[in-house]
Every structure is written in C-alpha cells, then in structure tokens.
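Biologist: I'd like a close look at how one helix in this model sits among its neighbours. Start there, then work outwards as far as you like.

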Amino acid sequence: MEFHHVSVMPEEVLDALQIDPDGVYVDCTLGGAGHSRRIAERLSQKGRLIGLDQDAEAIAAAKERLAGFPCRIDIVHSNFRRLGEVLSELDAPPLSGVLFDLGVSSHQLDTAERGFSYMQDAPLDMRMNPEAGQNAADVVNTYSEEELSRIFHDYGEERWGKRIAEFIVKARGEKPIERTGELVDIVSRAVPKAVRRAQNGHPAKRIFQAIRIEVNDELGILEAAFKTAVHHLKPGGRIAILTFHSLEDRIAKRTLQEMARGCICPPELPVCICHHQKEVRLLGKAKKATKEELAENSRAKSAKLRVAEKLAVEQEEVEEHAGA
Ligand SMILES: C[S@@+](CC[C@H](N)C(=O)[O-])C[C@H]1O[C@@H](n2cnc3c(N)ncnc32)[C@H](O)[C@@H]1O
C-alpha cells in the first residue's frame, strides 16, 4: 500500500524553520517525509537532515522519498523519547532547527489492520511501533474500570467515559474484546442514540483517541522531548511544533512558555534561588492553517503551529527576580 499523507501547514513550517542551506535539521516525526523533503530541497551539500520515526512503514517510505538529495541524511527508526541518545550516537553538531508534527499519519489511520480507525473493523492494536509495548486490546481487556474511565476523561474528554468503561468491563467479562468493531458496538450501546446524534461526532472517535494516546504514551514523553530538542539547538536555532488536539497543544504551550521565562521563584521570596534562565524567545502566538489549506486537507482543521527561537547566551537576560 502506497504511503499516503498530506503534510499540514508545509509553507508555515518552512517559514518557521528559516532553513539555512548549511544547517543541521531534525525531523522527529518523519512520517511520509513530506516536511522533510521540503527541508532537504533547501539544504546544500554541507547541510544535514536527521529524521526519526517509531513506525517502520514510515521509515521505509521516508528512505525512498529522501533518496538522491545532496545533503547528508540520517534516517533513524526510533521513538523521539530517545532524541538525546540518537543525536549523541550520530555525533550531531548543534542544530539549526527541530520539527515535531505530532500524532498519527493518514497512512496509519487508513491502514485498517493497524486498528487506529473506529470506522473499519480490525484487530485492536493502535501501536505506532507494532514491535513494541502494549496494544489497544491489552488496555481494553486489562485496565480497571477506574483506569479506563480516567483515560477516557483525560485523553478523550468524553463525558460518557465512566459509563463506557462500565460497559467495557461487563462485555469483557463474557469474552475478551479483540476487534475495533466490537469496541465501537460497546460504545454505541453505552451512549444513548439521542445523545450520540446531538454530540459532536461519534463518541467512539474520542474513545479511540484516548486509547491510542495511552497505548503510545503520546503525552507523557512530550515535555522532556521538547526540552531535549531546545537543549540541542544552537543560538538562533528554531523549534517548530505542530499539534492536533488541545491536550498536546497545552503541553507544547506550557513547556515553551516555561523555557521563555527567567526566574520562576515564588514572588514572596526576597532573592532568587531558582536561577532559572530564559532559553527561548516565543515567535508569536500559535498559527492555524489557512482557509485554502482547510478546504483541501481536513486534517489541518485542528492543527496549531508553535515556534520558538533559542536565545544566544549573551542574549539571555538575567531577569529580575520575580518577587523584586
Ligand atoms: C503526522 S505524521 C508526520 C507526517 C510528516 N510530517 C509528513 O509531512 O509526511 C506523524 C508521524 O510521527 C510518528 N510519531 C509519532 N509519535 C512519535 C514518537 N514519539 N517517536 C517517533 N515517531 C513518532 C508517527 O509514527 C507518524 O509517522
């Protein structure tokens, strides 16, 4: 199956990264290499692109699509939670830019047997790296009712999560839940038809999102990965983060804001004891896709792009103590 994914906000991402032809760039979420190809096209022989993805199918597609560019290209099959180790294994110099285009690719969603879509019946899997860790069936069949209810609430923002968890536990008492279709039926039984009609989309969509986030630990690794990326930027280097739902976006916003602040001591302290240094400058507010892009790519609807620039050491203002 051909790898299909239309890159989101491609022009805005390039603009955010301000590609230096001789620079070193890291794409932490290669996918079909849509963004990476655009970066590689702008790099000279001295430039370098490092791409990571935890999905072997994305790695295979990216290898093909990134062949033949003059710059050096390293493609690494890894979770970006290992970004620091990957960069040191590759002996990477300070970076000019890092990109995170979070979430799943259209290829992952459209490949029925990967079990990401609530619209196609398939085994309950949802792992972005099918060789690692627990899958969706493990979550659905082994988590307690309270744990399921919590992830449906926290990661799916589903108001009927408690009742859906109750129905899942009852159903799996009769036989393990193995397929996406069975899970959709259980969700449909738990949420009355009238509520489903009035709601914004099928509740299974939110339940699948919640399980996918849990299976892949999508949120737990973000803050540390963003901080590692900024740590490896050279002064003036840029970090660009594309998020697709409010949970991811909150973490991106909070982490960048924290790195853009100086002293974080409680104001009642007479002197600074945190010695927290500003590391980045935020480049404007989150950007959204244009109307033209939305008309062509519905995936761009919820996208937000946040960008920050690493400060030079001499630029780092030693901020006034927060309580002064
Ligand atoms: C939205 S797609 C990227 C699409 C790509 N920017 C393009 O234009 O073709 C996200 C990709 O990131 C990968 N991914 C998500 N979380 C990851 C993680 N923690 N580590 C490595 N790859 C990850 C997914 O497997 C998926 O292929």
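Biologist: Which residues in helix 7 meet which residues in helix 11?

Modeller: Before I dive in, bear in mind that this is a predicted model: local features need pLDDT of at least 70, side-chain atom pairs count only at pLDDT 80 or more, and totals for chains, interfaces and linings use all residues. Residue numbers start from 1 along each chain as its sequence is written.

On the helix 7 side you have Ile151, Phe152, Tyr155 and Gly156, and they meet Arg206, Ile207, Gln209, Ala210, Ile213 and Glu214 in helix 11. Contact here is two C-beta atoms, placed from the backbone, within 7 Å. Helices are DSSP runs of H or I, at least four residues, and strands are E runs of at least two, numbered from the N terminus. Helix 11 covers residues 203-215, and its axis runs 8 Å from that of helix 7, at an angle of about 100°. That makes helix 7 roughly perpendicular to helix 11. (Under 35 degrees is roughly parallel, over 145 roughly antiparallel, 65 to 115 roughly perpendicular, the rest oblique; axes are fitted to C-alpha atoms over the stretch in contact, with angles from 0 to 180 degrees between N-to-C directions.) By class, this contact has 6 nonpolar, 2 polar and 2 charged residues. (Ala, Val, Leu, Ile, Met, Phe, Trp, Tyr, Cys and Pro are nonpolar, Asp, Glu, Lys and Arg charged, the others, Gly among them, polar.)

Helix 7 (residues 145-156) also packs on helix 8 (residues 161-174), at about 140° and with the axes 8 Å apart. That makes helix 7 oblique to helix 8. From helix 7, Glu145, Leu148, Ser149, Phe152, His153 and Gly156 take part, and from helix 8 come Gly161, Lys162, Ile164, Ala165, Glu166, Ile168 and Val169. The tally for this contact is 6 nonpolar, 4 polar and 3 charged residues. So far as shared residues go, Phe152 and Gly156 are in the contact with helix 8 as well as in the one with helix 11.

Between helix 7 and helix 8 there is a loop that holds Glu157. Its phi is near 50°, a positive value in a residue other than glycine. Glu157 counts as partly exposed because it has 14 C-beta neighbours inside 10 Å. (With C-beta atoms placed from the backbone, buried takes 20 or more others within 10 Å, exposed 12 or fewer, and partly exposed is in between.) His275 is another non-glycine with a positive phi, about 50°. It sits in the loop between helix 13 (246-259) and strand 6 (280-282), and it is exposed, with 10 other C-beta atoms within 10 Å.

Helix 13 has a packing partner too: helix 12 (residues 222-232), at an angle of about 40° and with axes 10 Å apart. That makes helix 12 oblique to helix 13. Leu222, Glu223, Phe226, Lys227 and Val230 of helix 12 make the contact with Glu248, Ile251, Ala252, Thr255 and Met259 of helix 13. Sorted by class, that is 6 nonpolar, 1 polar and 3 charged residues.

Now to helix 9 (residues 180-190), where you find Val184. With 21 C-beta neighbours inside 10 Å, Val184 counts as buried. Leaving out residues up to four places away in sequence, Val184 touches Tyr118 and Ala204. Its C-alpha is 9.8 Å from that of Gln120, although 64 residues separate the two in sequence. Asp121 is in the loop between helix 5 (106-110) and helix 6 (136-142). It is partly exposed, with 14 other C-beta atoms within 10 Å. Beyond neighbours within four places in sequence, Asp121 is in contact with Arg179, Thr180 and Gly181. Gly47, on the other hand, is 74 residues from Asp121 along the chain and 44 Å away, C-alpha to C-alpha.

Last stop, two helices with a buried side. In helix 3 (residues 56-65), the buried residues include Ala58, Ala61 and Ala62. They cover an arc of only 100° around the axis, which puts them on the same side of helix 3. (The arc is that of directions from the helix axis to the C-beta atoms.) The buried residues of helix 3 pack against helix 2 (34-41), strand 2 (48-53) and strand 3 (72-77). In helix 1 (residues 10-17), look at Val13, Ala16 and Leu17, which are buried. Their arc is only 90°, which puts them on the same side of helix 1. Helix 1 is followed by Gln18, whose phi is positive, near 45°.
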